[in-house]
Amino acid sequence: MAAPRISVVIVNWNGKEALKKCLKSMEQYENINKLQIIASDNDSTDGSNDMLAKEFPYVELLQNGSNIGFAAGNNRGLAHAKADLVLILNPDMEFIETGLEKLAAFMDANPDVGACGCMVLNPDGSFMKQCRRGYPDPVTAFFKVTGIAHLLPGNAAFGKYFYSDVPNDRPMDVDALSGSFILARRSVMEEVGGFSEEYFMYVEDVDLSLKIRQAGHRVRYLPMMKIIHHGSACMDHRKPLEKKRFYHYHMTRSHLVLYARDRQREGRNLYYHISFGLIMVRYVLISLLVTFNDRLVPHLVEFWRIHGGKLHGRAA
């Protein structure tokens, strides 16, 4: 039996309807017979696994037994990949055109490229800026958070986070891709150790892109294929305030993990101490005024631990 052209890894946690829509759209636009599709399930309780067995029997189901997070869930799936190319795909993606073979052909023709991503659209058809990003070092992130990048979108320095000075339809090398859609060489993923499991959710795609670039491979944005990202498929069962708390906590935690790794690598202590202080002030203010976080103190203790370089503890 011929090896699959691409191994597709989808991490799911209670995203049954979105996952079903994703697979149906993939069947419509792509040649399923050339794909190995792996669903890495983080202990879903919404009937996702029964749905896969009944409607998509060709999907290889891995049951992780608990919600081990996006990074670890992808690594479990990657361990079972058989193709030379692997596609990291969110369950809330919708295929709207044929494109995987075009991306695969590009990878074949450009062996120096370790990973690529396509143009990702929001449900309303607008461009999802997160699908090509500059590295969110504290200065770049500051320009984004304060709105300076939005006020000066044509400035390459201020708008680096989303490359807002570059047209959306221009192929380019980028610092980071969106974890919702990353096509990578399996050999490169093995070389860099896959996703860093210190991240539970968010920012792991930035870290992965950095590791691929540091290993000497290019990371490329290719708008030759378009796909829709519906977003928050695994969060729809949560209440609005709970969603905000989850997002605020995990996004802050993951950026602190990223900066702690940068600090260990670069040794710029004062720079990162100041950045940590500003991030903590922001977290406290949002926790008190917006999300009404009742776990603020444990979170701050955990964040201090991460800033000190202890990255392997479980998310609070």
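**Figure 1. Strand 1 and strand 2 run parallel and are joined by seven bridges.** The model shown in this and the following views is predicted. Strand 1 comprises residues 6-12, and strand 2 comprises residues 35-41. Within this pairing, Val-8 has Ile-37 of strand 2 as its bridge partner. The connection between the two strands includes helix 1 (residues 16-29), and strand 1, helix 1 and strand 2 together make a right-handed β-α-β unit.

**Figure 2. Strand 2 also runs parallel to strand 3, with four bridges between them.** Strand 3 covers residues 60-63. Here Ile-38 has Glu-60 of strand 3 as its bridge partner. A right-handed β-α-β unit is made by strand 2, helix 2 (residues 48-55) and strand 3.

**Figure 3. Strand 2 is largely enclosed by the rest of the structure.** This description applies because seven of the seven residues of the strand are buried. Side chains point to both sides of the strand: Leu-35, Ile-37, Ala-39 and Asp-41 point one way, while Gln-36, Ile-38 and Ser-40 point the other way. Residues of both groups are buried.

**Figure 4. A salt bridge joins Asp-205 to Arg-133.** The closest N and O atoms of this pair are 2.8 Å apart. Asp-205 belongs to helix 8 (residues 204-214) and Arg-133 to strand 7 (residues 132-133), so the salt bridge ties together parts that are 72 residues apart in sequence. Asp-205 has a relative accessible area of 7% and is therefore buried. Arg-133 also counts as buried, because its relative accessibility is 8%. The model contains 15 salt bridges in total.

**Figure 5. Arg-261 and Asp-207 form a salt bridge between two helices.** In this pair the closest N and O atoms are 3.1 Å apart. Arg-261 lies in helix 9 (residues 240-266) and Asp-207 in helix 8, so parts that are 54 residues apart in sequence are tied together. Asp-207 counts as buried because its relative accessibility is 3%.

**Figure 6. Arg-253 and Glu-302 form a salt bridge, and both residues are buried.** The closest N and O atoms of Arg-253 and Glu-302 are 2.8 Å apart. This pair links distant parts of the chain, with Arg-253 in helix 9 and Glu-302 in helix 11 (residues 296-307), 49 residues apart.

**Figure 7. Four charged residues are linked in a network of salt bridges.** The members of this network are Asp-112, Asp-173, Arg-218 and Arg-220.

**Figure 8. The rings of Phe-143 and Phe-158 form an edge-to-face aromatic pair.** By the rule applied here, the model holds 10 aromatic pairs. In the pair shown, the ring centres are 4.7 Å apart and the planes stand at 85 degrees to each other. Phe-143 lies in helix 5 (residues 138-145), and Phe-158 lies in the loop between helix 6 (148-151) and strand 8 (172-173), so the pair ties together parts that are 15 residues apart in sequence. Phe-143 is buried, with a relative accessible area of 16%. Phe-158, by contrast, is partly exposed, with a relative accessible area of 26%.

**Figure 9. The rings of Phe-276 and Trp-304 form a tilted aromatic pair.** Their centres are 5.7 Å apart and their planes lie at 55 degrees, so the pair is classed as tilted. Phe-276 is part of helix 10 and Trp-304 is part of helix 11, so the contact ties together parts that are 28 residues apart in sequence. Phe-276 is buried, with a relative accessible area of 9%. Trp-304, on the other hand, counts as exposed because its relative accessibility is 57%.

**Figure 10. Tyr-249, Tyr-283 and Phe-303 form one aromatic cluster.** The cluster includes two Tyr residues, Tyr-249 and Tyr-283, together with Phe-303.

**Figure 11. A nonpolar patch of about 470 Å² lies on the surface.** The patch is made by Val-281, Leu-285, Leu-288, Leu-289 and Val-290. One of these residues, Leu-285, lies in helix 10 (residues 269-291). Leu-285 counts as partly exposed because its relative accessibility is 45%, a value that falls between the limits of 20% for buried and 50% for exposed residues.

Note on methods. Residues numbered from 1 in each chain as written. Predicted model: local features only at pLDDT ≥ 70, side-chain atom pairs only at ≥ 80, totals over all residues. Heavy atoms only, no water. Patch = residues over 30% accessible without salt bridge, like charges linked within 9 Å, V, L, I, M, F, W, Y side chains within 5 Å. Areas by Shrake-Rupley, 256 points an atom, 1.4 Å probe, with all protein chains shown as cover. Salt bridge = Lys/Arg side-chain N within 4 Å of Asp/Glu carboxyl O. Buried < 20%, exposed > 50% of the residue type's maximum accessible area, 1.4 Å probe, protein only. Pairing = 2+ DSSP bridges. Right-handed = clockwise from strand over helix to strand, strands pointing away. Phe/Tyr/Trp six-rings, centres within 6.5 Å; stacked < 30°, edge-to-face > 60°.
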